[in-house]
Each structure stands twice: as C-alpha cells, then as structure tokens.
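Me: I would like to learn how to read a protein model, one feature at a time. Could you take me through this one?

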Amino acid sequence: MSKIPPYLKPGDLVGITCASSKMDLQAARFAGSVLESWGFRVKLGKTAGTSWNNFSATDDERREDLQLLLDDPQVRAILFGRGGYGMVRILDDLDLRLFIRHPKWLAGYSDVTTLLTHVHTTLGIPSIHSPMCSAITPETEGARQIRILHEMLTGTPASYETDPNPLDLPGQCSGTL
C-alpha cells in the first residue's frame, strides 16, 4: 500500500542536496531560484557547491546532508543536484524512520534511482523520476520537462501528447501506470 507524500503548495520548503556528484553552487542557486519562482521556499544543503574528488563531499558528509533533509519535517520535497555515482555508497547508512513518519517527494534520476527504488519497494512511498537541479538552467527553465516537474510536485494531473504514428489504432484503453 502506497503512502503518497503531500503535494506541494506555495510556501512549502524544498531541500536541495548533492548526495552524489559535485555541482557548482551558482547552478544550485539558479535551480533554487526557479523553485522559488514557483512559490516554494528553498533550503540548500551543505553539499551544494562543495567538491571532494568526483563527489560533492565525503561519503559521511553527503549522507549527513541528505539525512538532515530526510529528517526535517518542514521539508516537503528533496531535489537532487546531480547524479553520477555516490548514492549507492551511502544508501545503506540512511535512517528512514523519520522519513516514514513524514514522507516527502524525492526527485531525481541517474544513481539517485537506487534511493527512489528502495523507498518505493521497501516502504511503499512513491517518488519522482525527474530532472535534477543540473537540468534547470537559464536555457531550460521554461522547457516542458521542467514544467512537468512542477506539475508532478504539485499534483497537477499529467497529460501527454504524441505525434500520430501510421501504426496507431483508433480506440480507448485503460491501465495502471
């Protein structure tokens, strides 16, 4: 049985963390400014803008940063900075007890998918496989994939349009997505 986190509304707090690869602080701040333009408040984690080898920080520092956001009942969603490699190195050390009591949207992809999958299959809490902060740039802030992230966070019903294909058949169908 799924425990769906509450959808976001204006004034809600969104955390940004770089639990894997490093990300430029200005890029994280820009992504945060886009979230703020949507009416959300933003809490930048300590790993935004830091660097340690190919990661944003040591395993302990990245785990601690993510853990603080997972435990904070005021944070309603966590948007990850970048993917790459690193989540698998900290996943087993995360304490999800408070997250279970106060579920929030986790949004990202790449190696973050390991966390998204773990939370869904183990705890029954859905997440959002979506663009991360690194994809929110001045060139993409109005792009469809970024607008869809906003819609997903706020619970706006999704609609998809595709170009017709000669193999399409007329009719109706339904199913579970």
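Reply: What follows is a walk through the sheet, its crossovers, one helix and the enclosed and open spaces, and please keep in mind that this is a predicted model.

Me: Let us begin with the sheet: how many strands form it, and in which order do they lie?

Reply: Read the order across the sheet, which need not follow the numbering along the chain. Here 5 strands form an open sheet in the order 2-1-3-4-5, and the pairing is parallel. Strand 2 and strand 5 stand at the edges with a single partner strand each, so one side of each has no neighbour in the sheet.

Me: How many bridges join strand 1 to strand 2, and how many join strand 1 to strand 3?

Reply: Strand 1 is joined to strand 2 (residues 41–44) by 4 bridges, the two running parallel, and in that pairing the bridge partner of G15 is K43 in strand 2. Towards strand 3, strand 1 has 5 bridges, again with the strands running parallel, and there L13 stands opposite V75.

Me: And what holds for strand 4, on the way to the other edge?

Reply: Strand 3 (residues 75–80) and strand 4 run parallel and are joined by 3 bridges, with A77 standing opposite W105 of strand 4. Strand 4 also pairs with strand 5 (residues 128–129) in the parallel sense over 2 bridges, where G108 has H129 of strand 5 as its bridge partner.

Me: How should I read the two faces of a strand, and which way do the residues of strand 1 point?

Reply: The general idea is that in a regular strand the side chains alternate between the two faces of the sheet. In strand 1, L13, G15 and T17 point one way, V14 and I16 point the other way, and all are buried. Buried here means under 20% relative accessible area. Because 5 of the 5 residues of strand 1 (residues 13–17) are buried, this strand is largely enclosed by the rest of the structure. Strand 4 (residues 105–108) is likewise covered on both faces, with W105 and A107 buried on one side and L106 and G108 buried on the other.

Me: Which helices take part in the β-α-β units, and what is the handedness of each unit?

Reply: To read such a unit, follow the chain from one strand over a helix to the next strand. Strand 1, helix 1 (residues 25–37) and strand 2 make a right-handed β-α-β unit, and another right-handed unit is made by strand 4, helix 5 (residues 113–123) and strand 5.

Me: What can I learn from a single helix, such as helix 2?

Reply: The general idea is that an α-helix has 3.6 residues a turn, so residues three or four places apart point the same way. Helix 2 (residues 59–71) has 13 residues and reaches 18 Å from its first C-alpha to its last, close to the 18 Å expected at 1.5 Å a residue. Its buried residues are R62, D65, L66, Q67, L69 and L70.

Me: Is F99 buried or exposed, and where does it sit?

Reply: F99 lies in helix 4 (residues 97–101), and it counts as buried because its relative accessibility is 0%. Positions apart along the chain should also be compared in space: F99 and P73 are 26 residues apart along the chain, and their C-alpha atoms are separated by 8.1 Å.

Me: What cavities does the search find, and which residues line the largest?

Reply: Over the whole structure, 1 cavity of 30 Å³ or more is found, and the largest cavity has a volume of about 40 Å³. Its lining consists of V14, L35, A77, I78, L79, A107, L149 and L153, which divide into 8 nonpolar, no polar and no charged residues. Strand 3 gives the largest share of that lining, 3 residues.

Me: And how does one describe the largest pocket, by its volume and its lining?

Reply: The largest pocket has a volume of about 190 Å³, and its lining divides into 8 nonpolar, 3 polar and 1 charged residues. Among the lining residues are Y7, W105, I128, E151 and Y160, while helix 6 gives the most to this lining, with 3 residues.

Definitions and conventions
Residues numbered from 1 in each chain as written. Predicted model: local features only at pLDDT ≥ 70, side-chain atom pairs only at ≥ 80, totals over all residues. Heavy atoms only, no water. Buried < 20%, exposed > 50% of the residue type's maximum accessible area, 1.4 Å probe, protein only. Pairing = 2+ DSSP bridges. Right-handed = clockwise from strand over helix to strand, strands pointing away. 1 Å grid on protein atoms, 1.4 Å probe; cavity = no way out; pocket = protein on both sides within 12 Å on 5 of 7 lines; lining within 4 Å. Points joined across faces, edges and corners; volume = space filled by probe spheres on them. Nonpolar A, V, L, I, M, F, W, Y, C, P; charged D, E, K, R; others polar. Expected span 1.5 Å × (residues − 1).
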